[in-house]
Amino acid sequence: MLFRSSAAKTKTSRATSGQVFLFPGPEGWEAWSLEGAQARCVGPAPIPKKLRPPPGAVLCLPSRAFFSVPIWVPVVEETPARDLAALALERKGLLGANPDSAVWSMEPIRTQAVPVNGQEEPALRQLDASAILGTPFEENWIVEEASRYEISGRVLPPPTSGSSALLRRELGRWVVDLYSSGKWLHCQPLLEKDLGPNMAVELGALLAQLEAEGVLEELQMLAVRDNDPPPEATEFLARLSFPSRV
C-alpha cells in the first residue's frame, strides 16, 4: 500500500504549539503536529533544534540510535520477563560494558507454548521487542523541551493487519518497521538506497529469516510511505514474494 502524505510542509522555523513529534524525515528532521483535524509539518531541518520545538515535544529517534532485537525468552513466574530478556541479550554479547542501562525499551508481543522433552505440559516462551542503545544520542539531536524520547516506528500508526511492514525513508535511507497485531516489533535500516530488484531481494531475505526464527508470522501487508512516491514503487512491489499493492 503506497500512502501519499496530505499534510502541508512549511519552511517556518518555529514548530506549532501543542503535541509535537520530531521525526527523522526523508530529507532531514521534521516537526509534526495536529491542529484540529489538519496535520501540519514544519521542516525539514538538518538537526531537531533548528525546528525550535515547543515544551512537551516528543523526539522520535532514528534507527541509527539503537539496535532493534526481537528475542524469545522463557516464561518463568519467579523472574520478571525483562530480567530474562536482558540475560538472553547479554549472552548474545549485545549489551556491551553497561548492561544495566543498555536495554532502553522492551515490550511483550505474544506468548507461545513449546513442547519440552520428557514433560507432558508444554513450556511457555514470550517474544519481546527490545531496543538497545548502540551509542549515546548525538549532541545536536538533544532537545531540552522534549518530554520523552521514542522510537520512530512505535509512534507511527501501524498498517491495519496482523503481521505487517512499513517501509519509509529516514534521513536519506530506507528503513523497514515490522508490526505484530498492531505492536511495533522490529526496525531495520536497509543497505540498498533505491527501490529496485536488489532491495526486493534484501527485504525478502530479512523477512524469511524472521519467519524462520518464529519472530514474524506470515506477512499480510507491506505499506510504503513517502511524501513523493517514487515512480519505481509499483515495479518494486511486483517483485516481492508476499502480498502487496499500490
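**Salt bridges and nonpolar cores**

Glu 217 is partly exposed, having a relative accessible area of 41%, in this predicted model. Its side chain meets that of Arg 110 in a salt bridge, with an N to O distance of 3.6 Å, and Arg 110 is buried, at a relative accessible area of 17%. The pair joins distant parts of the chain, since Arg 110 belongs to strand β8 (residues 103–114) whereas Glu 217 lies in the loop between α4 and β14 (221–225), 107 residues apart.

In total, the structure holds 5 salt bridges. Among them, the side chain of Glu 150 meets that of Arg 148 at 3.9 Å, N to O, and that of Arg 154 at 3.4 Å, N to O, and Arg 148, Glu 150 and Arg 154 are thereby linked in a network of salt bridges. Within this network Glu 150 counts as buried, at 12% relative accessibility, while Arg 148 is partly exposed at 36% and Arg 154 is partly exposed at 31%. A further arginine, Arg 125, lies over the face of Trp 72, at 3.8 Å from the ring centre.

The largest nonpolar core comprises 53 residues, and those with the most contacts inside it are Leu 167, Val 176, Leu 222 and Phe 236. Helix α4 (residues 197–212) gives the most to this core, contributing 6 residues. Apart from this core lies another, of 9 residues, including Ile 71, Ala 88, Met 106 and Ile 132. Beyond its neighbours up to four places away in sequence, Phe 236 touches Leu 167, Leu 195, Gly 196, Met 199, Ala 200, Leu 203 and Leu 222. Ala 208, also placed in helix α4, is partly exposed, at 43% relative accessibility.

Methods
Residues numbered from 1 in each chain as written. Predicted model: local features only at pLDDT ≥ 70, side-chain atom pairs only at ≥ 80, totals over all residues. Heavy atoms only, no water. Core = buried A, V, L, I, M, F, W, Y, C linked by side-chain atoms within 4.5 Å. Buried < 20%, exposed > 50% of the residue type's maximum accessible area, 1.4 Å probe, protein only. Helix = DSSP H or I, 4+ residues; strand = E, 2+ residues; numbered from the N terminus. Contact = heavy atoms within 4.5 Å. Lys NZ or Arg CZ within 6 Å of the ring centre and 35° of its normal. Salt bridge = Lys/Arg side-chain N within 4 Å of Asp/Glu carboxyl O.
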